Amino acid sequence: ELKWTLDNLGFVGDAAQKQISVALDRFGCSALRARTLRSLSGGELHRIAFASVLVARPSMLLLDEPVASLDQNARAQVARLLDSLRGDATILFTDSDPDLAMRLADRVLLLDILTMTTWPRVRERFAASGLSSSTARRLRRILGQT
């Protein structure tokens with residue numbers, strides 16, 4: 001996957017191999033180098049996907065639900081990975097997990113698509129998330145709730 005990205009950018013030979021090694025090391029994927037994609041877990045696939053994109057050194061990433069369908073351990077790994085990218089790229093992501101957004105984002109945009117049936121569940125998730133009282137107050141203010 002990483003080689004394919006670099007091939008398309010015109011990198012070949014030792015320069016490409018060095019960038020692949022650096023990217024695999026950064027994402028904790030060095031041990032996966034000899035494995036096939038079919039043999040990887042969901043979390044491992046996510047890390048390889050990130051590495052294959054980031055080896056191109058983009059200035060911006062657009063991610064749609066980057067931790068969806070991952071177990072708790074893989075979610076934590078991806079969250080740490082996203083956090084480690086601060087300063088390297090602008091990251092815009094969508095996610096339905098308010099805890100992830102509040103933990104990783106510098107800015108949060110909440111889309112007002114809540115219905116009368118979904119708002120109570122969202123409010124319960126915020127309440128159960130263990131957010132600090134100042135963060136909870138800030139969210140309530142943002143959401144127009146008292």
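Ile 48 is in contact (heavy atoms within 4.5 Å) with Glu 1, Leu 2, Leu 24, Cys 29, Leu 32, Leu 37 and Leu 40, leaving aside residues up to four places away in sequence. The model is predicted, and local features need pLDDT of at least 70, side-chain atom pairs count only at pLDDT 80 or more, and totals for chains, interfaces and linings use all residues. Residues are numbered from 1 along each chain as its sequence is written, and side-chain values use heavy atoms, with hydrogens and water left out.

Ile 48 also belongs to the largest nonpolar core, a set of 27 residues in which Leu 2, Phe 27, Ile 48, Phe 50 and Leu 82 touch the most other members. Such a core consists of buried Ala, Val, Leu, Ile, Met, Phe, Trp, Tyr and Cys residues joined through side-chain atoms within 4.5 Å; buried denotes under 20% relative accessible area and exposed over 50% (1.4 Å probe, protein chains only). At least two core residues come from each of α1 (2-8), α2 (13-26), α3, β1, α4 and α5. The greatest contribution, five residues, is that of α4.

Helix α4 (helices being DSSP runs of H or I, at least four residues, numbered from the N terminus) comprises 13 residues, 72-84. Its buried residues are Ala 74, Val 78, Ala 79, Leu 81 and Leu 82. These fall within an arc of 160° when seen down the axis of α4, and therefore line one face of the helix. Their cover includes α3 (42-54), β1 (60-64), β2 (90-94) and α5 (98-104). On the face turned away from the buried side, α4 carries the exposed residues Gln 72 and Arg 80.

Notes: The expected span of a helix is 1.5 Å times one less than its number of residues. The arc is that of the directions from the helix axis to the C-beta atoms.
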